[in-house]
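User: Could you take one part of this model and look at it closely for me? I would like to follow its surroundings from residue to residue, with the geometry spelled out where there is any.

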Amino acid sequence: MTTDRLARIQKRLEKVRRRLLEHPVYGDIVDLPSLRLFMEYHVFAVWDFMSLLKGLQRKLTCIEVPWVPTGDRRGRRLVNEIVMAEESDEDGRGGFASHYEMYHHAMRCCGADTRPVDRFLERLRDGVPLGEALEAATVAPAIRHFVGCTFEIVGTCDPCAMASAFTFGREDLLPEIFLRIVTDIDAHFDGQAAELRYYLQRHIELDGDEHGPMAMSLIESLCGDDEANWSIAEQAAVQSLEARLILWDGIHQAITADQQAETA
């Protein structure tokens, strides 16, 4: 029965998922300026992924002292394994780093501007609320909407909503999206974006082969036979993919405007 409900969500997502996988933004990334602009937007999605994951970890595991065991053993295993990979993965240079730090390094290597996201994180470290920190970073509306959507779901503290956003909006979606970007990198950059390629390839391998299937199992475990839980999961999945589409539209428009300004 739970398999049927997963299939129902996947059916509901078909249209927006197809629009994401066929989006013109992938064809926009043809030179270093367009790649840099893409990364300057996308880094905020890389960052807020960790907040979504940490929200799940806080909900499904015990991170308090004194420690007590929590109820969902499969959930604990899944989220802790993914946290280890996302927060301290092999960085391709003989060390370890979070995927955000790997992406940030890739931005610097190809000359992308990290100042907005650096300013944003500085404000968060100082205790500034999320909205004010985004405003201080002067981010584009599409970024603000995407991050706001993620934190709206995290703010529900509902494990079914968070797991669904995590699964359908990230783990199940990103391998196919990143494959399209990797193809563009191989075609256009001849080794100039090697660090970004490594980051994308790690996500393709981890999410496609391991984390994606595990995340699907987590949704089944959390939602069980409760139709209300499955409705929450479905709504969070739709919300997450629609927010990604708005982000992709924003990047496409920004790159198009930048290219038109260059040729004017």
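Analyst: Happy to! Let us start at Arg197, which has its place in helix α11, residues 194–223. Please keep in mind that this is a predicted model.

Is Arg197 buried, exposed or partly exposed? Its relative accessible area is 29%, so Arg197 falls in the partly exposed class, given that buried would need under 20% and exposed over 50%. Setting aside neighbours within four places in sequence, Arg197 is in contact with Val182, Ile185 and Asp186. Gly148, by contrast, sits 28 Å from Arg197, C-alpha to C-alpha, with the two positions 49 residues apart in sequence numbering.

Ile185 leads us onward. Besides being in contact with Arg197, Ile185 is touched by Leu196. Leaving out residues up to four places away in sequence, Leu196 also touches Leu35, Met39, Tyr103 and Ala106. Leu196 has a special standing: together with Phe38, it touches the most other members of the largest nonpolar core, a set of 92 residues. Which element gives the most to this core? That is helix α3, with 17 residues.

So much for the core; α3 itself deserves a closer look. Two packed helices are described by the angle between their axes and the distance between the axes. For α3 (residues 32–60) and α9 (residues 159–171), the axes come within 10 Å and cross at roughly 145°, and the crossing is left-handed. On the α3 side the contact is made by Ala45, Asp48, Phe49, Leu52, Leu53, Gly55, Leu56, Lys59 and Leu60; on the α9 side, by Pro159, Met162, Ala163, Ala165, Phe166, Arg170 and Glu171. Sorted by class, that gives eleven nonpolar, one polar and four charged residues.

Helix α3 also packs against α4 (residues 73–87), at an angle of about 150° and with the axes 10 Å apart. This crossing, too, is left-handed. Here Phe49, Met50, Leu53, Lys54, Leu56, Gln57 and Leu60 of α3 meet Gly75, Arg76, Val79, Asn80, Ile82, Val83, Glu86 and Glu87 of α4. The residues in this contact divide into eight nonpolar, three polar and four charged. Phe49 is one of the α3 residues that take part in the contact with α9 and also in that with α4.

Now for the aromatic rings. A pair of aromatic rings is described by the distance of the centres and the angle of the planes. With ring centres within 6.5 Å as the criterion, the count is seven aromatic pairs. In one of them, Trp47 and Phe120 have ring centres 4.9 Å apart and planes at 90°, so they are edge-to-face. This pair joins distant parts of the chain, since 73 residues separate Trp47 in α3 from Phe120 in α6, residues 115–125. Both Trp47 and Phe120 are buried, with Trp47 at 11% relative accessibility.

Trp47 has another ring partner in Phe151. Their centres lie 5.6 Å apart and their planes are at 15°, so this pair is stacked. It links distant parts of the chain as well: Phe151 belongs to α8 (residues 141–155), 104 residues from Trp47 in α3. Why does Phe151 count as partly exposed? Its relative accessibility is 26%, which lies between the 20% and 50% cut-offs. Finally, Phe44, Trp47, Phe120 and Phe151 form one aromatic cluster.

How values were computed. Residues are numbered from 1 along each chain as its sequence is written. This is a predicted model: local features need pLDDT of at least 70, side-chain atom pairs count only at pLDDT 80 or more; totals for chains, interfaces and linings use all residues. Side-chain values use heavy atoms; hydrogens and water are left out. Axes are lines fitted to C-alpha atoms, for helices over the stretch in contact, and angles run from 0 to 180 degrees between N-to-C directions. Helices (H or I, at least four residues) and strands (E, at least two) are DSSP runs, numbered from the N terminus. A crossing is left-handed if the near helix is turned anticlockwise from the far one by less than a right angle, and right-handed if clockwise. Contact means heavy atoms within 4.5 Å. Ala, Val, Leu, Ile, Met, Phe, Trp, Tyr, Cys and Pro count as nonpolar, Asp, Glu, Lys and Arg as charged, and the others, Gly among them, as polar. A nonpolar core is a set of buried Ala, Val, Leu, Ile, Met, Phe, Trp, Tyr and Cys residues joined through side-chain atoms within 4.5 Å. Buried means under 20% relative accessible area, exposed over 50%, partly exposed in between (1.4 Å probe, protein chains only). Rings of Phe, Tyr and Trp (its six-membered ring) pair if their centres lie within 6.5 Å; planes under 30 degrees apart count as stacked, over 60 as edge-to-face and the rest as tilted.
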